[in-house]
Structures are given as structure tokens and as C-alpha cells.
Amino acid sequence: MQRRKWIWYLLLGMNVTLLALLEMQYVKNQRIQEQIAGKVLRFHVLANSDTAEDQNLKLAVRDAVGSRMAELLSDVQDREACEQVVEAHLPEIAETAQAVVREAGYEYEVHAAIEETEFPSKTYGKFTFPAGKYEALRVVIGEGEGHNWWCVMYPNMCFEGSMYEVVDESAGEELKKVLSKEEYRAVLEEENYKVRCRYLTFLDDLKE
């Protein structure tokens, strides 16, 4: 009986320690995500619906707006300047997207704005950005209820010429300049990040 009690106390102590470690990791991950979010600007395009036609329209809008933004942001050196350029060209961005929609024969209205948005974790090449809130250029087509598309606009991990989500060594070097060593390791260690996500899911389940 005494032995069972000690085993129970041991297991309880191990669980408490594990929960404390997971809580510390959770707080650390939140801090790192918030720091990363303050240094990047993302690009988010929402389709009107999930029909094949609306999804294709979303990609056409992405291409048109992305091509224009690649030109406008070619000389941008920091996040603040990037946001200023985007903010100054919001009417043009909306008009560019609207023109694509009209040319395709749709009557959807298009809305463009810089907004704080909740993003899931997303991998670009060998880099994984943690889930959380980020500032983003959001282009919403119609109801905006379809599957969406997103990338990192600053530093540029969106496009290389006419290609999207092509993450080469230069993109990695730009990201390294923007993030601290700790933040860079966090987005680079994809597998470790996935393990941490599983731990955090376990912790959230225990809290419910």
C-alpha cells in the first residue's frame, strides 16, 4: 500500500513537472511568435467561395497584385517602409484586383487593407512561420469565404519573377537580416517546431 502511494506521488510529480515545462515552452513560443510578427508583413488573398471558378479567380488576383507589389517593393529596405508603400497604394491595389475580377466577368467587390490577421503555421521551403496574429495586406474578393492564399511579403518570400513561394538562399539571407538569431532558429527548425506544436496541443487539451 505504501509503495503504491509513493508511485502515485512520483507520477503526480512527473506530471506537474511536465506541465510546468510545457507551460514555459508555450510562453516562450508565444513570445517568439509575437517578435517575428513585428518584423514581417504578410500577403493574404481571400476567394469569394470554394468553387473552382472563384479559386481560379483568386489566383489571377494574386498574380496581378503580386506582380505590381514586386515592382513597388523592389527597393524597400525595412518593414516600416514596406508598410508605408503598401498603405500608400491601397487604392491602386484594390483597383488592380477589381480590374481582374471585372475582366473575368464577375461583379464581386474587392476590399484591400492592412489588417491584423490570425494565421495558421505555414512552411515556405525550409522555413516554418508559427501560427498567430500577423499584420498583412489582405485582399478580399466578394464574400471572402473561400480557401485563401498567403505568403510573406516582407522580407520577400512571395515571389521570384512570376513564380510564387520560391524560397531560395537569397530569401533565407534576407530573413536572417530581419530576425534575431533566436527567431531565425525558430522558423528554421521545422521539425522541432512541429514537435512543439504537438506539445502545445497536448497542453491546451489538458487546460480544457
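**Exercises on a predicted model**

In this predicted model, the largest nonpolar core holds 49 residues, and those touching the most other members are F43, V86, F129, V139 and M153.

**Exercise 1.** Find which residues V139 is in contact with, leaving aside its neighbours within four places in sequence.

*Solution.* Begin with V139, which is among the core residues that touch the most other members. Contact here means heavy atoms within 4.5 Å, and once the neighbours within four places are set aside, V139 is in contact with F43, H44, V45, L46, V61, I93, A97, V110, H111 and A112.

**Exercise 2.** Decide how the buried and exposed residues of helix 3 (residues 79–88) are arranged around its axis.

*Solution.* First, list the buried residues of helix 3, which are R79, C82, V85 and V86. Next, look down the axis of helix 3: these buried residues fall within an arc of 125°, so they line one face of the helix. Then turn to the other side of helix 3, where E80, Q84 and A88 are exposed. Finally, at the N-terminal end, helix 3 is capped by D78, a side-chain oxygen of which lies 3.2 Å from the backbone nitrogen of E80.

**Exercise 3.** Describe how helix 2 (residues 52–72) and helix 4 (residues 90–103) pack.

*Solution.* Two packed helices are described by the angle between their axes and the distance between those axes. For helix 2 and helix 4 the angle is about 145°, and the axes are 9 Å apart. The contact is made by L57, A60, V61, A64, V65, R68 and M69 of helix 2, together with E92, I93, T96, A97, V100 and V101 of helix 4. As a last step, state the handedness: helix 2 passes helix 4 in a right-handed crossing.

Key. Residues numbered from 1 in each chain as written. Predicted model: local features only at pLDDT ≥ 70, side-chain atom pairs only at ≥ 80, totals over all residues. Heavy atoms only, no water. Core = buried A, V, L, I, M, F, W, Y, C linked by side-chain atoms within 4.5 Å. Buried < 20%, exposed > 50% of the residue type's maximum accessible area, 1.4 Å probe, protein only. Helix = DSSP H or I, 4+ residues; strand = E, 2+ residues; numbered from the N terminus. Arc of directions from axis to C-beta. Polar contact = N/O pair within 3.5 Å; in protein donor to acceptor, adjacent residues only side chain to side chain. Axes fitted to C-alpha atoms, helices over the stretch in contact; angles between N-to-C directions. Left-handed = near helix turned anticlockwise from the far one by under 90°.
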